[in-house]
Amino acid sequence: MTEKKAKGPTVTPQLARMRGQWVQETTEVTIKAPNNMLGVVKGSKDQPLRVVGLDKGLVHDAADHIKALVQKAVTTTVTITAPNNMLGVVVGPGGSTIKEIQEKYKVRVFVPQKGSKDQPLRVVGPDKGLVQDAADHIESLMAYEKERRRLSTPVSQTVFIPKAHHGLIIGRQGQNIRYLSLTRRITIVLPPKNVISDEVTVTGLPDQVDQGNIKSERRQHQPVTKMTEKKAMGPTVTPQLARMRGQWVQETTEVTIKAPNNMLGVVIGPGGSTIKEIQEKYKVRVFVPQKGSKDQPLRVEGPDKGLVHDAADHIKALVQKAVTTTVTITAPNNMLGVVVGPGGSTIKEIQEKYKVRVSVPQKGSKDQPLRVVGLDKGLVHDAADHIKALVQKAVTTTVTITAPNNMLGVVVGPGGSTIKEIQEKYKVRVFVPQKGSKDQPLRVVGPDKGLVQDAADHIESLMAYEKERRRLSTPVSQTVFIPKAHHGLIIGRQGQNIRYLSLTRRAIVLPQNVISDEVAAVLCLVKRGRSTFVTTLTSERPLLS
C-alpha cells in the first residue's frame, strides 16, 4: 500500500503559489488486489484500487476496510489428479454425490468435462480446512472404488509344473481339475498334449488365487531395479493345488534381471544361439519377455543356486557391454541446419570423429531434442559438447521493443534511411511490424549481445526524443481555480493584462456570466501549418496589480 500526494499538472511558479492559496491538497492510497476480487472494470490488468480523500486518517480507514473485504473473499483451491474413469464416482447418480460433498463442506467441486485429458478435479472454498476435508473425502471415494474394481477383476497367474505331472492335476476322467474349478471358482488351463511346456495358468478373482499373499511376498524382496532372488514357487494358488504341486515339483532358484527391451536381442543372439549356449552351459532356463512388453524382467531358473547366479552374471555382463549412452541436446529448430551442415557434412564429420550416431528431429517437429548415442560414454559427451558449441556460436540474441504504431516511422526514417543506418552501425537486423498490425513489438536481432542492446537503446532514444517533440508541439489546456472576484485583475485596466498575455503567444479564457473560479490557459500559436510548442500560463509581467 503506497501513499502519495494527488498533484495536478505542472504549472508556473506564480500560478502554483496562487493555487496553493485556494486548493486544499488531497491524500491518495493505492491497494493491490486480484482482478477477480474487484467487481469493477472487467479485464483491466495490474491496475490497483485508489482511495482519495481530504482527511488522511479517513482515507487510511477506508483502505483498511477494503483490504478486509478482499481478504475475506479470497478462496482456497485444492487440485486432485484422477483418471477419467473415476469421475463418475465423484459425481454420483444424477450428481447426488458431488452435491452432498458441496453442501457438507461448503465448497464448489469442478469436474473436468467428459473426454478432457490430464485435467484435475478442483475443490474451491473460503475455508482452507473444509476444502482439504472435501479433497480427502473425494480421494477416499476414488481409492475405495479402485480397490473394489481390483477385487472384482479376474486375474491370471502362471505356475511351472513338469509336463509329466499334468496328468495328476487332471486326475482320472478329470476329477481333480473339475473339483478344484468348482470349489475354488477358478479356471486351470494346461498346455495341449502335443506342446512341451511346464506352464499351468490359473485364472479367477484375486481372493480366489491369493493375490494379496503374492503382493506381500514381493514386498519382502529388494526393488526390481536390482537383481532379486526368490524361490520359484510360482504364484501362490489354492491350498489344494499348492499341496499337489509340492509333491511333484522340485524347488528351483529364480533370479530376475531388469534390462531395457532393446537389449534383449543381445541375450538371445543370432537365431537364439546365445541364450541356448547359456542354458546348456549353466543348466538353467532363461525366460525372455515377449516383444513389445514393458517393464518385464528376464528370469533365470534352475535347481543349482550357484549356476543360476553365474548365468545371471553372464547375462548382466552381456547387457552391460551392449548398453549405449544417450545424451539429449535441446536446440531451436532454426539451429539444426548448423549441426547438419552443407549436404550433411558437419554431422557426418562428428559421427566419424566420435564414433557416435546423431539423431536430428524431422523438419517441422516441435520441442524434439537432438540425440547423441554411442557405446563410449566419454566420446558421447565430447560429441554433445561439440554440437553445443556449434549451436551456441550460431545462436542470435533478440531484444523486443514495444512501440506504438505511430512511432514506427521514426525508426524506419525517410526512405528507410534510419533503419538502414542502425543495421549497418550495430551489425544487427531490425524487424518492424507491418502497417496496421496491433501489439506487435519491434525486434532487434544479431549475434553480438552488446551490439543488439546498443541498437535497441538507440531505437528507444529515437522514439523518446520524438515523443517529447510531439508533446511539446501539441496544444494543451490547463485549468486553475482563481476566485471570481480576482478575474478582473487578470483582465486588467481596459483588458491590458489579458491582451498582453494573448498577444505574447497565449490565450486566456474567463467564464462569462457564470459564477466559476475556472480559468483556462491555452496555447494557440501555429507556425508553418503546425504547432510549435506548448507552454502553460506564465507571467512575463505580474498578473495581479
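These are my notebook entries on what I looked up in this structure, which is a predicted model.

**Entry 1: strand β16 and its neighbours**

I began with strand β16, which covers residues 370-374. Is it buried or exposed? I found that 4 of its 5 residues are buried, so the rest of the structure largely encloses this strand.

Next I looked up the strands that pair with β16. Strand β14 (residues 325-329) runs antiparallel to β16, and 5 bridges join the two. Strand β15 (residues 357-359) also pairs with β16 in the antiparallel sense, over 3 bridges.

I then picked out V372 in β16. V372 is the bridge partner of V327, and V372 is also the bridge partner of V358.

**Entry 2: the two faces of strand β9**

I had a general rule in mind here: in a regular strand, side chains alternate between the two faces of the sheet. Which residues of strand β9 (residues 199-204) point to the buried face? I noted V200, V202 and G204 there. E199, T201 and T203 point to the other face and are not buried.

I also looked up the partners of β9. Strand β7 (residues 155-160) runs antiparallel to β9, with 6 bridges between them. In this pair, V155 has G204 as its bridge partner in β9. Strand β8 (residues 187-189) is joined to β9 by 3 bridges, again running antiparallel. There, I188 has V202 as its bridge partner. I was pleased to meet G204 and V202 again, since both belong to the buried face of β9.

**Entry 3: helix α5**

Helix α5 spans residues 128-151. I looked first at D136, which lies in this helix. D136 is partly exposed, because its relative accessibility is 37%, and the cut-offs for that class are 20% and 50%. D136 also belongs to a patch of negative charge on the surface, where it gathers with D127, D133 and E139.

Further along the helix I found a salt bridge between the side chains of E147 and R150, at 2.8 Å from N to O. How far apart along helix α5 are E147 and R150? They are 3 residues apart, so about one helical turn separates them. Both ends of this salt bridge are partly exposed: E147 has a relative accessible area of 35%, and R150 has 28%.

**Entry 4: other salt bridges**

How many salt bridges does the structure hold? I noted 10.

One of them joins the side chains of R50 and E28, at 3.0 Å from N to O. This pair links distant parts of the chain: R50 is in strand β3 (residues 49-53) and E28 is in strand β2 (residues 27-31), 22 residues apart. The two ends sit in contrasting surroundings. R50 counts as exposed because its relative accessible area is 55%, while E28 counts as buried because its relative accessibility is 6%.

I also looked up E468 and R471, which form a salt bridge with their closest N and O atoms 2.7 Å apart. These residues are 3 apart in helix α18 (residues 449-472), so about one helical turn separates them. E468 is partly exposed, at 37% relative accessible area. Salt bridges that share partners also join E145, R148 and R149 into one network.

**Entry 5: L264**

L264 has its place in helix α10 (residues 264-268). Is L264 buried or exposed? I put it down as buried, because its relative accessibility is 9%. I also checked its spacing to K291, which is 27 residues away along the chain. The C-alpha atoms of L264 and K291 are separated by 9.0 Å.

**Entry 6: two lysines with positive phi**

Most residues other than glycine have a negative phi, so I wrote down two lysines that go the other way. Phi of K283 is near 55°, which is a positive value. Phi of K355 is near 55° too, again positive.

Where do they lie? K283 is in the loop between α11 (273-282) and β12 (285-287). K355 is in the loop between α14 (345-354) and β15, and β15 is the strand I met in Entry 1 as a partner of β16. Both lysines count as exposed: K283 has a relative accessibility of 59%, and K355 has 63%.

Terms used: Residues numbered from 1 in each chain as written. Predicted model: local features only at pLDDT ≥ 70, side-chain atom pairs only at ≥ 80, totals over all residues. Heavy atoms only, no water. Patch = residues over 30% accessible without salt bridge, like charges linked within 9 Å, V, L, I, M, F, W, Y side chains within 5 Å. Areas by Shrake-Rupley, 256 points an atom, 1.4 Å probe, with all protein chains shown as cover. Salt bridge = Lys/Arg side-chain N within 4 Å of Asp/Glu carboxyl O. Lys, Arg positive; Asp, Glu negative; His and termini not counted. Charge placed at Lys NZ, Arg CZ, Asp CG, Glu CD. Buried < 20%, exposed > 50% of the residue type's maximum accessible area, 1.4 Å probe, protein only. Pairing = 2+ DSSP bridges.
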